[in-house]
Amino acid sequence: MSTEIQPFRIDIPQSEIDHLRDRLTRARWAGQLRGTGWERGIPLDEMHDLADYWRTDFDWRAQEAKLNAFPQFTTEIDGQRIHFLHVRSARADATPLLITHGYPSSIAEFLNLIGPLVDPADGPAFHVIAPSLPGYGFSTPLSGTGWTMARTARAWIELMNRLGYERYGVHGGDVGAGISGAVAGLDSEHVIGVHVVTDPLTAANTATFLPGMAERLDPNDPIDKLILERMDAFRREGSGYLAIQNSRPQTVGYGLADSPIFQLAWIAEKFEEWTDLPIDRDQLLTTVSLYWFTGSGAWAAHTLYEQAHSSDWGNPTTAPQGFAIFGADETVRRVLPAPADAHWSEFERGLHFPAMEAPADLARDLQKFFGPLH
């Protein structure tokens, strides 16, 4: 197996861009029942607006240039092609920081976060390493079965070793939070700290998968009652996308790979439901475009299947832990297994994608947490 690291630059053929626009022009649209709205999925008028913008006004080449402004590389680890950004600070005292996106996201999530980390106006600086998850973006195609969070964590450890970093921090949200925690547990000799982001809805959704959590909550307690209501809502109405991919990724993958409208709706619905601050439409469509051009919607679905059928969660970490809660309320501390001495920050606004919703707040919190550790 080659351990060579190769420079990489995004250059989508014009024919692919033209094909996308043609498919959007010729899209066959589903109707919508009168009197229905978001409760049944992304509404038709919202989809028309997004698709029209993607077809006519969205400038992929401008977004491609923004991504290419960051040094990018590929390497093969455990038989899988891994694509990553590696943006070094000019500061000699910068701390290496491995940041991992989640689902349904991409490295484009970090477009407005990397600059404040690499070249801050004040405070600690970071060398940023941001890989595309196996099966996502340019870390495609997926090499085979078995790409769980723990296996990805082991690949990230090897990546940091190849880059020559002896001591480094890790950060992530969503799936990226689980992977970051696994990296910290598996590589405690080198990880100086693990920082994750979450929000009340994500915390409650995650709690539905924790054995015994519902039984430990008191329905007569107002805070516990709210958590139980959110858990129930996720099971009944919010987890359909996950149930499909956890059980039949190949079947849904045909639609994600063949229809740009399907891929757009699949991602845009979650960005709407999981945010409370405005997301730049170009940044959203950059992520959707990355999924479309690389066919990674189908591959990513398989990684969710793998995790749903895995019992390998790595090892618990002994590294310092930091938590940044966006859209915070009292429920998160009830369900999040945070050590008593953990760094804990709460932010009133933002939800599931703080690197896009509130990058300045997130950058400052990363500085605050990792500053004393490097």
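**Exercise 1. In this predicted model, work out which side chain the side chain of His352 makes a polar contact with, and where the two residues sit.**

Start with the pair itself: the side chains of His352 and Asp174 make a polar contact at 3.0 Å. Next, place each partner. His352 is in the loop between strand E9 (343-347) and helix H16 (354-357), while Asp174 belongs to the loop between strand E6 (168-173) and helix H6 (175-186). Finally, check the record: the unreviewed UniProt entry annotates Asp174, Tyr305 and His352 as "active site". From this set, Asp174 and His352 help line the largest cavity.

**Exercise 2. Decide whether His352 is buried or exposed, then do the same for Asp174.**

The cut-off for buried is under 20% relative accessible area, and exposed means over 50%. His352 comes out at 9%, so His352 is buried. Asp174 has 27%, so Asp174 is partly exposed.

**Exercise 3. Find what else surrounds the pair, skipping residues up to four places away in sequence.**

Take Asp174 to begin with: Asp174 touches Gly102, Tyr103, Val197 and His352. The Asp174 side chain also gets to the backbone nitrogen of Tyr103, at 2.8 Å. Now His352: its contacts are Tyr103, Asp174, Asp199, Thr202, Trp274 and Glu357. Tyr103 turns up beside Asp174 and beside His352.

**Exercise 4. Test the length of helix H17 (residues 359-370) against 1.5 Å a residue, and pick out some of its buried residues.**

H17 has twelve residues, so the expected span is 16 Å. The end C-alpha atoms lie 16 Å apart, which agrees. As for burial, the buried residues of H17 include Pro359, Leu362, Asp365, Gln367 and Phe370.

Terms used. Residues are numbered from 1 along each chain as its sequence is written. This is a predicted model: local features need pLDDT of at least 70, side-chain atom pairs count only at pLDDT 80 or more; totals for chains, interfaces and linings use all residues. Side-chain values use heavy atoms; hydrogens and water are left out. Helices (H or I, at least four residues) and strands (E, at least two) are DSSP runs, numbered from the N terminus. The expected span of a helix is 1.5 Å times one less than its number of residues. Buried means under 20% relative accessible area, exposed over 50%, partly exposed in between (1.4 Å probe, protein chains only). UniProt positions are given in the numbering used here, feature names are shortened, and annotations may be inferred rather than shown by experiment. On a 1 Å grid over the protein atoms alone, a cavity is a set of points where a 1.4 Å probe fits but cannot get out, and a pocket is an open set with protein on both sides within 12 Å along at least five of seven lines; lining residues have an atom within 4 Å of a point. Contact means heavy atoms within 4.5 Å. A polar contact is a pair of N or O atoms within 3.5 Å; within protein, one must be able to donate a hydrogen and the other to accept it, and residues adjacent in sequence count only if both atoms are side-chain atoms.
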